[in-house]
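Please open the model in the viewer and colour the chain by secondary structure. The tour below proceeds selection by selection, from the whole chain to single residues.

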Amino acid sequence: MKHNNKRRQRGLILTLAALTFLTGCSAAGSVAPSTVDSGVVENSIENESRRVHYKVASLERADSWESENGTQLLTYSYELPQLQATRQDGTVIEKASGAVEEKALRVTQTFNEAFSGWTEEDFESVINMARQDYDARGREEPDAWQPYDEKFTYQCYETDKMISVQAVYWSYLGGAHGNGVILSWNFSLSDGAFSIP
């Protein structure tokens with residue numbers, strides 16, 4: 001019961017965030033870029049920043065759990081956006097050499113931290129909930145059993161100054177039907193922040 005409340009709260013928060021960010025998608029062109037306070041004059045960052053390029057790649061995580069008789073209890077599949085900064089030669093910046101690359105690493109860290117929480121969930125409590133549900137009703141009606149499931153997928157739209165992410169989060173945690181939420185984020189590469197209109 002405690003976990004269902006957590007899921008409901010998470011779903012409500014995600015729904016409210018989606019509505020807020022969806023309104024931002026239409027205003028993405030009006031976002032005024034600024035810079036992260038790096039102690040470097042803005043013009044020199046803009047000129048030097050041409051040496052840094054950003055690209056979004058997918059980070060995929062998936063797993064499943066079964067009961068002792070082999071019945072699938074829970075699956076999850078997350079395809080998450082992962083921002084990388086690269087030099088002009090295409091090498092990924094892992095250690096900064098200079099102010100521009102330090103800023104680029106802060107930008108990627110801010111972006112990636114927003115999505116890393118999706119894979120840090122405590123699945124043990126969800127597995128236990130699925131086991132209890134299966135023991136209560138799945139064993140009696142094996143044909144009616146539907147495994148618990150969570151999915152996160154996204155599409156990404158990139159420019160040289162902004163990244164827009166549209167995602168779909170879907171979950172089934174028992175009950176009559178699953179639940180889906182559409183989420184959106186706009187992220188400024190100039191200032192390394194998510195924008196809220």
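Two strands are taken to pair if DSSP finds at least two bridges between them. The model on display is a predicted one.

**The whole chain**

Begin with the complete chain, which holds four helices and six strands. Read from the N terminus, its elements follow the order α-α-β-β-α-α-β-β-β-β. Of its 197 residues, 35% count as buried. The chain exposes about 11300 Å², of which carbon and sulfur atoms supply 49%. Among contacts in the chain with a separation of 6 or more, residues 24 or more positions apart account for 63%.

**The sheet**

Next, select the strands. They make an open sheet of six strands in the order 1-2-3-4-5-6, with mixed pairing. Its edge strands are strand 1 (52–66) and strand 6 (193–194), each of which pairs on one side only.

Now restrict the selection to residues 148–158 and 162–172, which are strand 3 and strand 4. These two strands run antiparallel and are joined by ten bridges. They form a hairpin, with three residues between them. Two pairs may be labelled here: Gln155 has Gln166 of strand 4 as its bridge partner, and Asp149 stands opposite Tyr172, also in strand 4.

Add strand 2 (72–87) to the view. How do strand 2 and strand 3 run relative to each other, parallel or antiparallel? They run parallel, and five bridges join them. At one of the positions to label, Leu74 has Tyr148 in strand 3 as its bridge partner.

**Helix 3**

Select residues 99–116, which form helix 3. This helix lies across strand 1, strand 2, strand 3, strand 4, strand 5 (179–188) and strand 6, and runs at about 165° to strand 2. At 1.5 Å a residue, its 18 residues should span 26 Å, and the end C-alpha atoms are 25 Å apart, in agreement with that expectation.

Which residues of helix 3 are buried? They are Val100, Glu101, Lys103, Ala104, Val107, Thr108, Phe111, Asn112 and Phe115. These residues lie on the same side of helix 3, because they cover an arc of only 160° around the axis. An α-helix has 3.6 residues a turn, so residues three or four places apart point the same way.

Remain in helix 3 and pick Arg106. Buried means under 20% relative accessible area and exposed over 50%; Arg106, at 31%, is therefore partly exposed. To see a link across the sequence, draw a distance from the C-alpha atom of Arg106 to that of Ala193: the two residues are 87 residues apart along the chain, and these atoms are separated by 9.9 Å.

**Helix 4**

Finally, select residues 123–138, helix 4. Helix 4 lies across strand 1, strand 2, strand 3 and strand 4, at about 155° to strand 2. It has 16 residues, yet its end C-alpha atoms are only 20 Å apart, short of the 22 Å that a straight helix would reach at 1.5 Å a residue.

Highlight its buried residues: Phe123, Val126, Ile127, Met129, Ala130, Asp133, Tyr134 and Gly138. They cover an arc of only 160° around the axis, which puts them on the same side of helix 4. Then rotate the view to the other side of helix 4, where Gln132 and Ala136 are exposed.

Conventions:
Residues are numbered from 1 along each chain as its sequence is written. This is a predicted model: local features need pLDDT of at least 70, side-chain atom pairs count only at pLDDT 80 or more; totals for chains, interfaces and linings use all residues. Side-chain values use heavy atoms; hydrogens and water are left out. Contact means heavy atoms within 4.5 Å. Axes are lines fitted to C-alpha atoms, for helices over the stretch in contact, and angles run from 0 to 180 degrees between N-to-C directions. Buried means under 20% relative accessible area, exposed over 50%, partly exposed in between (1.4 Å probe, protein chains only). Accessible areas come from the Shrake-Rupley method with a 1.4 Å probe; for residues, only the protein chains shown count as cover. The expected span of a helix is 1.5 Å times one less than its number of residues. The arc is that of the directions from the helix axis to the C-beta atoms.
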